[in-house]
Protein chains: 2
Amino acid sequence: MEADSPNLLSKAKIKLINSLRYPKYRKQHMLFVVEGSINVLDFIASDLVLDVLYASAEWIHAHHRVLPIEKSMAIDARQMKKISALSSPSEVLAVFQMPLSTTIDLETLDELILVLDGIKDPGNMGTIIRTADWFGVKHIICSTDCADAFGSKVVQASMGSLARVKVHSTDLLELMNNRPESWITYGAYLEGDDIQEVSKNNKSLLVIGSEAHGISDYLEFCIDQKINIPMHRDSGAESLNASIATGILCYAFRM
Amino acid sequence: MEADSPNLLSKAKIKLINSLRYPKYRKQHMLFVVEGSINVLDFIASDLVLDVLYASAEWIHAHHRVLPIEKSMAIDARQMKKISALSSPSEVLAVFQMPLSTTIDLETLDELILVLDGIKDPGNMGTIIRTADWFGVKHIICSTDCADAFGSKVVQASMGSLARVKVHSTDLLELMNNRPESWITYGAYLEGDDIQEVSKNNKSLLVIGSEAHGISDYLEFCIDQKINIPMHRDSGAESLNASIATGILCYAFRM
C-alpha cells in the first residue's frame with residue numbers, strides 16, 4: 001500500500017468507524033476514535049496501541065517519522081467526511097485500541113486521585129481529564145454512570161490528556177468502603193470547610209459530584225472531609241461548574 | 001388574556017423569537033432569549049426588563065407571585081417546541097430586553113475586573129460569566145471578537161449569572177492604553193510568574209487570552225505582570241482550558 005496516494009475506504013470500514021460513536025460498539029470492538037492533529041500525535045506518543053490511521057497524504061508525509069507507516073493510509077477530504085464525527089473534519093483520524101480497564105490498587109499508590117460521581121457532560125469529562133493532567137493527577141476513578149471517557153466529545157475536549165491519565169470505571173461505594181486507612185476522602189460540597197484551611201493528605205481521594213445533584217447521598221458517609229470553594233459575599237451564583245470546581249480544587253491541593 | 005389556558009402563538013411571534021438566535025436580530029430588536037426555570041427566575045429577579053414570557057400553565061401558576069402576569073402567556077409543549085432552541089425544551093422561555101452597552105469608567109471603580117481577549121466558545125464564555133459571579137466579579141470586558149454574551153448557549157451556560165455580571169464589549173487596546181495609573185494589568189501566559197507568588201492589586205484587570213492563541217501579541221506591551229498557573233512536573237498537558245484557567249486565577253486573586 002502506498003501511503004502517499006489517496007485510497008478508497010471500504011463500506012465495511014466506514015461502517016465500523018462510524019459505529020465507534022456508540023459506547024456499545026466501542027466496547028464490542030475495544031476500539032475508539034481520535035481526531036485532530038495535536039490529539040492524534042499525543043496519542044501516538046503514548047502507550048496506547050494504534051489500530052489504523054487515516055490522513056491526507058500531506059499530513060502523513062509531514063509526520064512519517066513518528067508514524068507506524070504500515071498502519072497509515074492516505075485518504076482525501078471526501079473520504080474523511082464519511083468517517084469523521086466533526087462538522088469540520090480535520091486532516092487526520094486515528095483508531096486506537098481501548099486500554100483494558102484495570103482495577104486500581106490503592107495499597108500501592110501514594111498520590112492525589114480524582115473520583116467522579118456521575119459527571120454526565122462529555123465536555124466536562126474531557127476538560128476534567130485535561131485539567132487532571134496539568135496538575136499531574138494520574139488516575140481518575142469514575143462511577144459507572146459517568147460519560148464514557150472514550151466517546152468522541154470527551155476525547156476531543158481532553159486534548160490528548162486521555163493518553164496520559166488513566167480513567168477507571170467502578171462501583172464507588174465499594175472503592176471507598178474498602179479504602180486503606182491511610183487514605184482520606186475529600187468531598188466537594190456547597191457547605192464544607194474552606195479548601196484553603198484544610199490540611200491535605202498525600203493519599204487523597206478527591207470526590208466531585210454530578211453537575212445536577214452533587215455527590216450522591218449514599219456516598220456521604222464515606223466522606224472524611226467536606227470541602228468548599230468559598231463564594232464571594234456579593235455573589236448570587238448557586239454553584240460552580242463541575243469542571244471549574246475540579247480545577248480550583250486540584251490547584252488548591254497542589255499549592 | 002387568561003394566563004392559565006393555553007394560547008396559540010402567532011406566526012410573526014414564532015419568527016421573531018427564532019430570529020433572536022442570531023446576533024444580527026438580537027441587536028436589531030435589542031432582545032434576547034432565556035430558557036429554563038432556574039435561569040428565567042434568576043433573570044426576573046434581576047434588574048433586566050422582561051419583554052414577554054411563555055410557559056406551561058402549571059409553571060405560571062406555580063410562580064405567579066414573582067411574575068408580571070400581564071407579560072406572561074401560557075402555551076402548551078407543542079407551541080414551546082416551535083420557539084425553543086433546546087433539543088429538550090423546558091417549561092418556560094422568556095424574552096428580555098438587552099441591556100444598553102455602557103462604557104466602563106475605571107476611574108470610579110476599585111475591584112477585580114476580567115478582560116477576555118477573543119474567547120470564542122459560547123460554553124466557555126457562559127462558564128466564565130458564572131465563575132466570575134461566584135467570585136464576586138461584577139464586570140467582564142470583552143474584545144469585540146468574543147462570543148456574543150446574549151447568544152443562547154452563553155445564556156444557558158451562565159446559569160443566571162448573566163443577570164448579575166455586566167458584560168461589556170470594547171476595543172481592548174484602547175481600554176488598556178487609557179487605563180488610570182492605579183490599575184495593574186495581569187495577563188495569563190504559559191510563561192509567567194507563579195500566580196501564588198504575585199502580589200495582587202485592588203484595581204486589577206485580569207486578561208485571559210483566546211482558546212487557540214492566548215493573549216493577542218498587540219496587547220502584550222499593555223500587560224504589567226505576566227502570570228501563570230504552575231504545571232505539575234509530571235504533566236504532559238500543553239495548556240489549561242480558558243475557563244478553567246479563569247476559575248483558578250479568580251480563586252487565587254480572592255484568596
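Student: How many helices and strands are there in chain A?
Tutor: This is a predicted model, so keep that in mind as we go. Chain A mixes both kinds of element, and its count comes to nine helices and ten strands.

Student: What share of chain A counts as buried?
Tutor: Buried here takes 20 or more other C-beta atoms within 10 Å of a residue's own. Chain A has 255 residues, and the share of them that counts as buried is 43%.

Student: Which domains does the assignment give for chain A, and what distance separates their centres?
Tutor: The assignment gives domain 1 as 11-97 and domain 2 as 106-254. Taken over C-alpha atoms, the centres of these two domains of chain A are separated by 30 Å.

Student: Which elements of chain A each supply at least two residues of the side of domain 1 that touches domain 2?
Tutor: On that boundary, 15 residues of domain 1 of chain A contact ten residues of domain 2 of chain A. By class, the domain 1 side has eight nonpolar, three polar and four charged residues. The elements you're after are helix 2 (23-29), strand 1 (31-35) and helix 3 (37-44) of chain A.

Student: Okay, on to the two chains. Which elements of chain B give two or more residues to the side that touches chain A?
Tutor: Between the chains, 30 residues of chain B are in contact with 30 residues of chain A. The chain B side divides into eleven nonpolar, twelve polar and seven charged residues. Its elements with two or more residues there are helix 6 (122-134) and helix 9 (242-254) of chain B.

Key
Residues numbered from 1 in each chain as written. Chains lettered and ligands numbered in written order. Predicted model: local features only at pLDDT ≥ 70, side-chain atom pairs only at ≥ 80, totals over all residues. Helix = DSSP H or I, 4+ residues; strand = E, 2+ residues; numbered from the N terminus. Buried ≥ 20, exposed ≤ 12 C-beta atoms within 10 Å, placed from the backbone. Domains from an automatic or database assignment. Contact = placed C-beta atoms within 7 Å. Nonpolar A, V, L, I, M, F, W, Y, C, P; charged D, E, K, R; others polar.
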